Amino acid sequence: MGLLAGSVKDGGNGNRGMWGGCVRGLVRRKQVDSVHARSDNKHHQLAKDLTIPHLIAIGVGSTIGAGVYILVGTVAREHSGPALTLSFLIAGIASAFSAFCYAELASRCPSAGSAYHYSYICVGEGVAWLIGWALILEYTIGGSAVARGISPNLALLFGGEGSLPVFLARHQIPGIDVVVDPCAAILVFIVTGLLCVGIKESTVAQAIVTSANVCAMIFVIIAGSYVGFKTGWVGYELPTGYFPFGADGMLAGAATVFFAFIGFDSVASTAEEVKNPQRDLPWGIGAALSICCALYMLVSAVIVGLVPYYEMDPDTPISSAFASNGMQWASYIIAVGAVTALCSTLMGSILPQPRILMAMARDGLLPSFFSDVNKRTQVPVKGTIVTGIVAAVLSFFMDVSQLAGMVSVGTLLAFTMVAISVLILRYVPPDEVPLPPSLQGTIDSVSLQYSQSSGLINRNCLDDHVGASKDSVQPLLGKKSAQVGYTIIKQVQDIFNEENRRKIAGWTIMFTCLGIFLLTYAASDLGLPRFLRFSVCGVGGALLLCGLIVLTSIDQDDGRHSFGHTGGFTCPFVPLLPIACILINVYLLINLGTSTWVRVSIWLLIGALVYAFYGRKNSSLRHAVYVPAAHVDEIYRSSTDSLA
């Protein structure tokens with residue numbers, strides 16, 4: 001078979017027009033970083049300094065925030081009761097689904113950019129841009145909200161609200177309803193400076209702060225267990241039983257505390273800086289999530305046993321639980337834990353964003369300013385400084401707590417797209433690689449050699465498939481093929497040949513995602529008429545079930561074995577686990593609320609305009625030539641020989 005190659009241009013050929021070029025631009029996919037791609041990269045590389053302990057520090061520090069010191073009381077009072085521990089366990093298992101998907105893609109595609117990078121490789125440029133744009137919002141709002149929450153907790157160490165020094169305390173600007181927070185801005189600048197020094201140095205600092213937080217949580221577990229055994233665990237001796245709100249309440253609590261686990265994706269954003277990504281990234285992600293889940297469960301098991309759930313203080317549940325048992329002094333240790341938790345989470349929020357910006361700038365979707373890597377520190381200093389300035393300004397002037405839901409949108413969109421990328425990798429991995437247009441001559445030469453040696457392609461077929469004048473970027477749903485003259489028996493026998501199998505898998509993945517959306521939307525929207533609601537649920541459930549059955553029945557693509565870097569972690573229970581991951585994340589996305597989605601839609605609309613007027617025109621793949629992945633090495637070798 002001949003070598004198929006083509007290029008992507010913004011314009012169309014024949015009657016395709018501008019809209020055809022726009023659509024092809026949205027589905028063009030980039031190459032997993034290879035030896036050739038790295039040799040062509042004009043930018044300095046990030047330092048490869050991180051090992052498993054560093055990754056665990058980043059993951060635990062980014063995940064365990066001060067929210068756990070509040071969630072315990074709120075969720076126990078309103079949803080779970082004494083079953084709060086099971087809510088954390090269920091949420092941890094649900095988070096593990098996403099962690100498995102991240103672990104496989106991070107070890108196969110160990111480059112900066114996290115979910116943006118994986119989406120660009122597996123789905124296409126348009127979806128990747130929206131994911132990257134949503135992640136920028138997530139880390140900006142998330143970092144500002146975390147910084148804004150440090151000063152009230154820090155004030156507890158100085159004797160209570162209003163006891164901070166004047167230069168750190170909050171002040172209201174006269175005449176306008178704005179409360180400035182100098183402490184938040186100062187802490188953001190300190191964290192930004194640490195991140196500019198170097199990835200290893202900043203990670204060590206985060207490990208120290210995270211260790212203080214973990215020690216505070218261990219104190220809560222040990223001291224609380226002592227008090228619990230001494231007092232007889234009054235929180236569990238209730239007439240309402242272990243499930244006062246029933247199984248539904250426990251599951252509602254799990255959906256709430258699920259957001260306490262988001263943060264481990266920060267580990268994947270540092271993939272390019274890991275010494276041995278195929279081994280260390282899966283271990284780092286898995287260990288961080290396991291530690292967080294264990295700490296959450298132990299703390300919740302102790303606290304709900306010390307005080308009846310209906311008597312918990314929703315604002316300071318842990319401190320009040322100890323105070324009710326005569327241990328008021330423990331509030332200082334808990335305050336230290338809350339402050340260190342917020343500081344480590346702040347570092348985990350600012351760390352990934354410069355790397356997302358750098359990855360997008362490398363691909364030409366953002367100005368090259370963000371792709372610069374400092375020669376000495378080997379970190380994207382310019383992007384880090386810009387990120388720090390924006391986060392500091394927001395945290396100084398604005399109370400962004402009401403925007404916290406927007407943080408969850410970015411995370412859940414990323415989780416969903418990572419799970420979809422795993423399905424694509426397993427069933428329809430990209431079989432074409434974009435090469436620079438400077439290699440067009442070599443591509444034509446190699447293609448001609450293949451066509452002459454095989455004798456299977458005539459001149460007309462060669463003209464149709466080779467060269468820069470034709471577009472051969474194929475969408476996820478497969479390549480067009482028209483085969484005629486087959487008998488009915490032959491057609492039945494060929495239903496599951498390789499080409500048809502890829503098309504069937506592609507369509508199945510799409511309809512499965514559609515079924516998940518219909519099912520979760522109808523199940524969540526209680527305002528729909530009863531008949532319509534059950535009808536939509538039935539259609540969505542049928543699509544989901546059929547998709548699961550089809551994907552389980554057909555073989556996975558052999559190309560998955562050679563996709564990206566081999567030898568790393570392999571996600572288990574495919575397709576069941578990624579589909580369950582998509583189902584959970586889409587359900588949570590739909591239930592975030594209308595106001596949150598209105599704000600996010602405005603941000604995404606701004607992103608679409610930026611892409612239309614800048615990213616699409618400056619994409620590094622705008623004039624790329626696509627060739628089968630099997631022939632890339634030969635093309636580069638021929639190109640090198642011709643220059644010798």
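The legends below accompany an overview and several close-up views of a predicted model.

**View 1. The whole protein chain, with its 26 helices and five strands.** The chain has 644 residues, and buried residues make up 53% of them. If one takes the contacts between residues at least 6 apart in sequence, 85% of these join residues at least 24 apart. The accessible surface comes to about 27,400 Å², and carbon and sulfur atoms account for 66% of that area.

**View 2. Helix α17, residues 381-397, and its buried face.** This helix has 17 residues and reaches 24 Å from its first C-alpha to its last, which is close to the 24 Å expected at 1.5 Å a residue. The buried residues of α17 are Val381, Gly383, Thr384, Thr387, Gly388, Ala391, Ala392, Leu394 and Ser395. When the helix is seen down its axis, these buried residues fall within an arc of 165°, so they line one face of α17. A general rule helps in reading such a pattern: an α-helix has 3.6 residues a turn, so residues three or four places apart point the same way. The buried residues of α17 pack against four other helices, namely α7 (125-148), α9 (182-197), α15 (330-350) and α16 (352-362).

**View 3. Thr203 and the residues that it touches.** Thr203 has its place in helix α10, which covers residues 199-231. The relative accessibility of Thr203 is 1%, and because a residue under 20% counts as buried, Thr203 belongs to the buried residues. Leaving aside residues up to four places away in sequence, Thr203 touches Leu50, His54, Ala57 and Ile58.

**View 4. Aromatic rings, with one stacked pair and one edge-to-face pair.** The structure holds 25 aromatic pairs, and two of them are described here. In the pair of Tyr236 and Tyr242, the ring centres are 6.3 Å apart and the planes stand at 25°; because planes under 30 degrees apart count as stacked, this pair is a stacked one. Tyr236 is partly exposed, with a relative accessible area of 28%, and Tyr242 is also partly exposed, at 33% relative accessibility. In the pair of Tyr309 and Tyr310, the distance is 5.2 Å centre to centre and the angle between the planes is 75°, which makes the arrangement edge-to-face. Here Tyr309 counts as buried, at 8% relative accessibility, whereas Tyr310 counts as partly exposed, at 44%. Tyr236 and Tyr242 also belong to one aromatic cluster, which they form together with Phe229, Trp233 and Phe243.

**View 5. Cysteines in a model with a count of zero disulfides.** A disulfide would require two cysteine sulfur atoms within 2.5 Å of each other. For Cys122, the closest cysteine sulfur is that of Cys109, and because the two sulfur atoms are 6.1 Å apart, they are too far from each other for a bond. Cys122 counts as buried, at 1% relative accessibility. Cys183 is likewise in no disulfide, and the cysteine sulfur nearest to its own, that of Cys343, is 8.2 Å away. Cys183 also counts as buried, with a relative accessibility of 2%.

Terms used: Residues numbered from 1 in each chain as written. Predicted model: local features only at pLDDT ≥ 70, side-chain atom pairs only at ≥ 80, totals over all residues. Heavy atoms only, no water. Helix = DSSP H or I, 4+ residues; strand = E, 2+ residues; numbered from the N terminus. Expected span 1.5 Å × (residues − 1). Buried < 20%, exposed > 50% of the residue type's maximum accessible area, 1.4 Å probe, protein only. Arc of directions from axis to C-beta. Contact = heavy atoms within 4.5 Å. Areas by Shrake-Rupley, 256 points an atom, 1.4 Å probe, with all protein chains shown as cover. Phe/Tyr/Trp six-rings, centres within 6.5 Å; stacked < 30°, edge-to-face > 60°.
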